[in-house]
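Open the model in your viewer and keep the sequence panel visible. The tour below says what to select at each stop and what is there.

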Amino acid sequence: MEDIEHIEKKVKLMDASGRRLDGRKSDELRPIRVEAGVLRRADGSAYMEWGGNRVLAAVYGPREAHPRHLQDPARALVQCRYNMAPFSVSDRKRPGPDRRSVEISKVISEAFSSVVFAEQFPRTSVDIFIEVLQADAGTRCAGLSAASVALADAGVPMRDLVASCASGKIEGVVCVDLNKDEDNFGDADCPMAIVPRTGEIVLLQMDGHLTYDEFQKAMDLSIGAAHRIYELQRDALRRRYSVTLEDILKESPPLPPPPPSEEPLPPIPPEDDFGPEGI
Ligand code: ADP
C-alpha cells in the first residue's frame, strides 16, 4: 500500500514556468474583497473574501467583562473566538471548539492586545468573533484582517489596523498566500501579522521547515502582501464612512418654504410728533 508521504510527492503544485495550480506567480495574492459594517447588531463588523475563504468578523465592546472574576482593574480584556462552520470545508467539520480553533483564537487575541488601547477601558472586554463560512487555507490571516476592520468599524481605539498574510514553500519555491492544496501538500506555511505603520510583528507561526534565507524571503513576501491588504482594509473603511455631497443632500430635510412677505413698515411720523419741544 502506498504511504501518505508517497502520495503527497505525486501532487504537482507548480508548472515548468513557475506558475502555481491556480495560475498565480509565487508573489501573487489571491483576489481579496473586504466590506465593513455588514452586521446591524454588532458594534462593528466586516466580511472578507480571500480566494476561496469567506470570513465574517463581529466586534462587541468595550463592554463590562463577564464573568466578573476575569475583569482586569487596569485594562480591557481583548478576547477572540475563531470558529469554523461545519459546512466550511468539504468534509463536514465537527461543530464546536477544537485544539486548532482554541490556538487560533489565542494568537489572534494576543495580536490585537498589542494594538488596542486597552488601558483606557479597565474592567471591560472587547469581544471579537470570527466565523469562517468557507475555508481554503489562510483563514487565520483572513479572519484577523477582517477582525481588524471590524474593530475599527466598532470605533475601538487602537494604534493601527493589523494586516496579515502567510507565505510558505511549495516544491522548494517560497510563495505568498498558499491555498488549500498548497497548504496540504507543500513544504511549509508561515502565517504572520504586522502593524503596518510601525512594521511591528504581532503574530508569527510556522508549520514545516524553512531555511534562514527562505524564511527571510517568506517574510519579505508576507510584509509586502500585508501592506496591500492594509490598503484594502482602509478602502473598506473609507467606503463605509466617506460622505459625498449627494449623501448630505439626500439626508438633510428639505428647506422650509420662505416666510410670507412681511407687512410694510409703518410710515415715519411727521417731525412734530417727536415731542412738545420738537426734540
Ligand atoms: P489556516 O486556515 O489559517 O491556514 P490551517 O493551516 O490549520 O489554518 O488550515 C489550513 C486549511 O485546512 C483550512 O483553511 C481549512 O481549509 C483546512 N482545515 C482545517 N481544519 C480542518 C478540519 N477540521 N476539517 C477539514 N479541513 C480543515
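**Stop one: helix 3 and what follows**

Select Gly 155, which comes after helix 3 and has a positive phi, near 80°. This is a predicted model, so read the values that follow as computed from it.

Now select helix 3 itself, residues 139-153. Is this helix mostly covered or mostly open? It is mostly covered, with 15 of its 15 residues buried. Place a distance between its end C-alpha atoms: they are 20 Å apart, which agrees with the 21 Å that 15 residues should span at 1.5 Å a residue.

**Stop two: the nonpolar core**

Next, colour the largest nonpolar core, which has 70 residues. Which of them touch the most other members? They are Ala 57 and Ala 146. Helix 3 gives the most to this core, with nine residues. In soluble globular proteins, nonpolar side chains tend to be buried together.

Select Ala 57 and show its contacts, leaving aside neighbours within four places in sequence. Among them are Ser 45 and Ala 46, then Ile 128, Phe 129 and Ile 130, and also Gly 143, Ala 146, Ala 147 and Ala 150.

**Stop three: Leu 203**

Move to strand 9, residues 200-204, and pick Leu 203. Leu 203 counts as buried because 20 other C-beta atoms lie within 10 Å, and the cut-off for buried is 20 or more. Residues up to four places away in sequence aside, Leu 203 touches Val 107, Ala 111, Leu 144, Ser 164, Pro 191, Met 192 and Ala 193. For a longer line, join Leu 203 to Leu 13: the two are 190 residues apart in sequence, and their C-alpha atoms are 27 Å apart.

**Stop four: the ligand**

Select the ligand and the 14 residues that surround it. The closest are Val 89, Ala 135, Ala 137, Thr 139 and Arg 140. Colour the shell by type and it divides into eight charged, four nonpolar and two polar residues. Helix 3, helix 4 (180-185) and strand 8 (188-195) each supply at least two residues of this shell.

**Stop five: the whole protein**

Zoom out and show the cartoon: there are six helices and 10 strands. The radius of gyration is 28 Å, well over the 19 Å that the globule rule gives for 279 residues, so the protein is more spread out than a compact globule. Along the principal axes, the C-alpha atoms fill a box of roughly 125 × 55 × 35 Å. Finally, colour by burial: buried residues make up 37% of the 279.

Methods:
Residues are numbered from 1 along each chain as its sequence is written. A residue is near a molecule or strand if its C-beta atom, placed from the backbone, lies within 6 Å of it. Helices (H or I, at least four residues) and strands (E, at least two) are DSSP runs, numbered from the N terminus. Ala, Val, Leu, Ile, Met, Phe, Trp, Tyr, Cys and Pro count as nonpolar, Asp, Glu, Lys and Arg as charged, and the others, Gly among them, as polar. The radius of gyration is taken over C-alpha atoms; the globule rule is 2.2 Å times the number of residues to the power 0.38. A residue is buried if 20 or more other C-beta atoms lie within 10 Å of its own, exposed if 12 or fewer, and partly exposed in between; C-beta atoms are placed from the backbone. The expected span of a helix is 1.5 Å times one less than its number of residues. Two residues are in contact if their C-beta atoms, placed from the backbone, lie within 7 Å. A nonpolar core is a set of buried Ala, Val, Leu, Ile, Met, Phe, Trp, Tyr and Cys residues joined through C-beta atoms within 7 Å.
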